[in-house]
Amino acid sequence: MNCKLRLFALLFLVCSVVPFHARQSRDSIQLSLVTCAPGNEIYALFGHTAIRYQNFTQGVDLVFNYGMFSFSAPHFVYRFVKGETDYQLGISPYSYFEAEYAMRGSSVWQQTLNLTYDEKVRLLGLLEENYRPENRTYRYNYFYDNCTTRARDQIEKCIRGKVVYSAGSPRKTFRSIVHEFTAGSPWDEMGIDFCLGAEADRPIDNRRQMFAPFYMKAFASSAYILGEDGTQRPLVLREEKIVDVEPETELPFPLSPMMAASLFLALNVLVGWWQWKRRRIFWGWDILLYLSQGVAGCVVAFLFFVSVHPTVGSNWLLWLFNPLPLLYLPVMVYRDMKRKKDLYHWINAVYLTIFIALFLLLPQKFNLTVLPLALGLLVNAVSHVLVYKNR
C-alpha cells in the first residue's frame, strides 16, 4: 500500500512539474519596444524606434529596425527632396545595435511588451514576413509611415483585441512636436520650417503624434490592451534604460539664424543708403541678392508643386521665395546698368509690404527669421524706388 502511495505521489509531482517547465520554455520569448535618444545628425534629431526579440532558451537576441537606408542609393538627394526615399527593415544582433548607439552617445530605453505567447509568435511571424526580400523595402514618409509607426502597427496587428491609448494633448501639431526636438539645433529648425507648410500647424490626434519616437514611448507607457473577451492588461510590462550614456555635445555654430537674418537686414539698409546717397544702383548686389532669393524660391516651389512630402504643398512661404526673381534677374541687371527705371521694384515693394503686414495673420507659423529677411528685401526694393525718384 505504501509503495502504491509513493508511486502515486511521484506521478503527481512529475505531472505538476513538467507542465511548469513547458510553460517556462514557452514563455522564454520576450519582445520589446526600443526607443533611442536623439543624435546630432539631422536625420537622428528625433530619436529612433525598433523592436527587440529575445529567445532566452535558444540564446537569440535580435533587433528589427525599420529605419535602414543608404546615402549611396542612386539619386538619393533628389529622391529625398521629392519624397521618394525608400527605407528597409533590417535585422541585426542586439550587441551591434547597442554598441552603435552607445558610441554615438544615445541612451536606449526598452519597454517589454505584455503579450501572450500566441501574440509573441504572431508578432515574430509578422516581422519575419516583413523581412522577406519582396516586403522589406517601403516608401518612407516622415509623418505618416516611418520607423516608429511601422513598429507600432506590427505590434497592434499581433494582438487579439485592440490597444487603447491615452487622448494626448489636443493642441499638438506636427511643427510644435518637431520644434521640441530641434530646439538645440536652430539652423536645422529653420531649414525644416522653411519646408513645412500650413498643414503642419493643424492640430493632430494622438495617433498622428506617435510619428515621434518619444511620443510613441510615452503613449505606450500608459496604453492598455482591451482583449476580445473584455479583459484589460497594460501594454507595457516593465520599462528600463538598457543603454545609459552621456550624449555627445557639439560646439554650436557661433552665428544663429536670427543673427544672420538681422545682419542681412542691416547690410540691405547699408547698401540702400549707399544707393540713395549716390543716386545709382549697385547692380552687383542685385545679382547676389536676387540670385539667392530665386534659388531658394526654386527649392520652395519644387517642394510645393512636385514633392510628395507631407505638408509641403501648403507652404505660404512661396509668396516670399519663388523663382520669379531668378527669371527676371537678367532684365533687372540690364536696366540697372543702363540706369533705367524698373517697375519690378515698385511692385515688389508693395508686394513685400502686404506680406509683412499679414505675417501674423496667415494660417502658417513662420520661422521668425522670415521677418528680417522680408524686411531686407523690402529695404532693397524701396531703395530702388527712392533712387528713381532722386534721378
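Tutor: Buried means under 20% relative accessible area, exposed means over 50%, and partly exposed lies in between (1.4 Å probe, protein chains only). Trp-273, in helix α10, is partly exposed because its relative accessible area is 48%.

Student: What kind of model is this, and how are its residues numbered?

Tutor: This is a predicted model, in which local features need pLDDT of at least 70 and side-chain atom pairs count only at pLDDT 80 or more, while totals for chains, interfaces and linings use all residues. Residues are numbered from 1 along each chain as its sequence is written, and side-chain values use heavy atoms, with hydrogens and water left out.

Student: To which surface feature does Trp-273 belong?

Tutor: Patches are made of residues with over 30% relative accessible area and no salt bridge (a side-chain nitrogen of Lys or Arg within 4 Å of a carboxyl oxygen of Asp or Glu). Like charges are joined within 9 Å, and nonpolar side chains (Val, Leu, Ile, Met, Phe, Trp, Tyr) within 5 Å. Areas follow the Shrake-Rupley method with a 1.4 Å probe, and for residues only the protein chains shown count as cover. Here Trp-273 joins Leu-267, Leu-270, Trp-276, Val-382 and Leu-386 in a nonpolar patch of about 570 Å². Helices α10 and α14 are the elements that give two or more residues to the patch, and α10 supplies the largest share, four residues.

Student: How is the length of a helix such as α11 checked?

Tutor: Helices (H or I, at least four residues) and strands (E, at least two) are DSSP runs, numbered from the N terminus. The expected span of a helix is 1.5 Å times one less than its number of residues. For the 23 residues of α11 (residues 283-305) this gives 33 Å, and the end C-alpha atoms are 31 Å apart, which agrees.

Student: Which elements do the buried residues of α11 pack against?

Tutor: An α-helix has 3.6 residues a turn, so residues three or four places apart point the same way. In α11, the buried residues include Trp-285, Leu-289, Gln-293 and Val-300. The buried residues of α11 pack against α2 (76-82), α7 (186-195), α10 (257-278), α12 (324-337), α13 (343-357) and α14 (370-390).

Student: Which residues touch the most other members of the largest nonpolar core?

Tutor: In soluble globular proteins, nonpolar side chains tend to be buried together. A nonpolar core is a set of buried Ala, Val, Leu, Ile, Met, Phe, Trp, Tyr and Cys residues joined through side-chain atoms within 4.5 Å. The largest has 46 residues, of which Leu-31, Leu-113, Leu-123, Ile-155, Ile-159, Phe-211 and Leu-235 touch the most other members. Among the elements giving it two or more residues are β1 (29-36), β2 (48-55) and α4 (117-130). Apart from this core lies another, of 30 residues, among them Ile-356 and Leu-373.

Student: What does Ile-29 in strand β1 contact?

Tutor: Contact means heavy atoms within 4.5 Å. Leaving aside neighbours within four places in sequence, Ile-29 is in contact with Tyr-53, Gln-54, Asn-55, Tyr-117 and Lys-120. Ile-29 counts as buried, at 9% relative accessibility. The C-alpha atoms of Ile-29 and Tyr-117 are separated by 7.7 Å, although these residues are 88 apart along the chain.

Student: Where do Arg-279 and Thr-311 lie, and what are their phi values?

Tutor: Most residues other than glycine have a negative phi. Arg-279, in the loop between α10 and α11, has a positive phi near 60°. Thr-311, in the loop between α11 and α12, has a positive phi near 75°. Arg-279 is partly exposed at 46% relative accessibility, whereas Thr-311 is buried at 2%.
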